[in-house]
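Good morning, and thank you for joining this group meeting. May I ask everyone to look at the sequence and the structure before I begin.

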Amino acid sequence: MYETRRLYLAVGERVIHMEHPEWGVGLVVEEARSTVPGGMCMVRIEFADGKKRVFNNDMECLDSCWYAGIRRHP
């Protein structure tokens, strides 16, 4: 039986990092989900500082991007 994940971000969404405002606004450029039960769910975000960073996208995990400080940007 496959578990249902609560995903936080989707490709194309704009975000900011609450603890690193110097990174600027980011854009979710990739989302990947494992097909293996219990596997990872990741998003790749390209920030205004030119760097791409990867975060866990599963809201059920305590190390998800929400808990890391990622918030949607209007």
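I shall begin with a definition: a salt bridge here is a side-chain nitrogen of Lys or Arg within 4 Å of a carboxyl oxygen of Asp or Glu. Please keep in mind that what you see is a predicted model. How many salt bridges does this rule give? The count is four, and I shall present some of them in turn.

One of them joins Arg72 to Glu13, with 2.6 Å between the closest N and O atoms. Arg72 belongs to strand β5, residues 70-72, while Glu13 sits in the segment before β1, so this pair ties together parts that are 59 residues apart in sequence. Are these two residues buried or exposed? Arg72 is partly exposed, at 44% relative accessibility, and Glu13 is also partly exposed, at 22%.

A further salt bridge is formed by the side chains of Glu30 and Arg44, at 2.9 Å from N to O. Here the link runs between strand β2, residues 26-33, which holds Glu30, and strand β3, residues 41-47, which holds Arg44; the two residues are 14 apart. Glu30 has a relative accessible area of 37% and is therefore partly exposed. Arg44 falls into that class as well, with 32%.

Arg33 and Glu31 also form a salt bridge, and their closest N and O atoms lie 2.8 Å apart. Arg33 is exposed, with a relative accessible area of 53%, whereas Glu31 is partly exposed, at 25%.

Let me turn to the strands. How are β1 and β2 joined? They run antiparallel, with two bridges between them. Within this pairing, Arg14 stands opposite Leu27 in β2. Leu27 in turn stands opposite Glu46 in β3, which takes us to the next pair. Strands β2 and β3 are antiparallel and are joined by seven bridges. Gly26 faces Phe47 of β3 across this pairing.

On the other side of our path through the chain, β3 pairs with β4. These strands are antiparallel too, and five bridges join them. In this pairing Met42 stands opposite Asn56 in β4. The hairpin of β3 and β4 has four residues between the strands, and Gly50 takes a positive phi near 90° there.

Which residues of β3 lie on its covered face? They are Cys41, Val43, Ile45 and Phe47, while Met42, Arg44 and Glu46 make up the uncovered face. The general principle is that side chains in a regular strand alternate between the two faces of the sheet. Arg44, on the uncovered face, is the residue that we met in the salt bridge with Glu30.

Asn56, the partner of Met42, merits a section of its own. This residue is found in strand β4. Its relative accessible area is 6%, so Asn56 is buried, the limit for that class being under 20%. What does the side chain of Asn56 reach? At 2.8 Å it reaches the backbone nitrogen of Asp58. The side chain of Asn56 also makes a polar contact with the side chain of Asp63, at 3.2 Å. If we leave aside neighbours within four places in sequence, the residues in contact with Asn56 are Met40, Cys41, Met42, Cys61, Asp63, Ser64 and Cys65.

Finally, I come to the surface. Which residues make the nonpolar surface patch of about 360 Å²? They are Leu62, Trp66 and Tyr67. Leu62 is placed in the loop between β4, residues 52-56, and α1, residues 65-68. With a relative accessible area of 74%, Leu62 is exposed.

Trp66, another member of the patch, is found in helix α1. Trp66 is partly exposed, its relative accessible area being 32%. Apart from neighbours within four places in sequence, Trp66 is in contact with Tyr8, Met59 and Arg71. The C-alpha atoms of Trp66 and Leu9 are separated by 9.3 Å, and these two residues are 57 apart along the chain.

To close, I would ask you to retain two points. In this predicted model, β3 pairs antiparallel with β2 through seven bridges and with β4 through five. The salt bridge of Arg72 with Glu13 ties together parts that are 59 residues apart in sequence. Thank you for your attention.

How values were computed
Residues are numbered from 1 along each chain as its sequence is written. This is a predicted model: local features need pLDDT of at least 70, side-chain atom pairs count only at pLDDT 80 or more; totals for chains, interfaces and linings use all residues. Side-chain values use heavy atoms; hydrogens and water are left out. Buried means under 20% relative accessible area, exposed over 50%, partly exposed in between (1.4 Å probe, protein chains only). Patches are made of residues with over 30% relative accessible area and no salt bridge: like charges are joined within 9 Å, nonpolar side chains (Val, Leu, Ile, Met, Phe, Trp, Tyr) within 5 Å. Accessible areas come from the Shrake-Rupley method with a 1.4 Å probe; for residues, only the protein chains shown count as cover. A polar contact is a pair of N or O atoms within 3.5 Å; within protein, one must be able to donate a hydrogen and the other to accept it, and residues adjacent in sequence count only if both atoms are side-chain atoms. Contact means heavy atoms within 4.5 Å. Two strands pair if DSSP finds at least two bridges between them.
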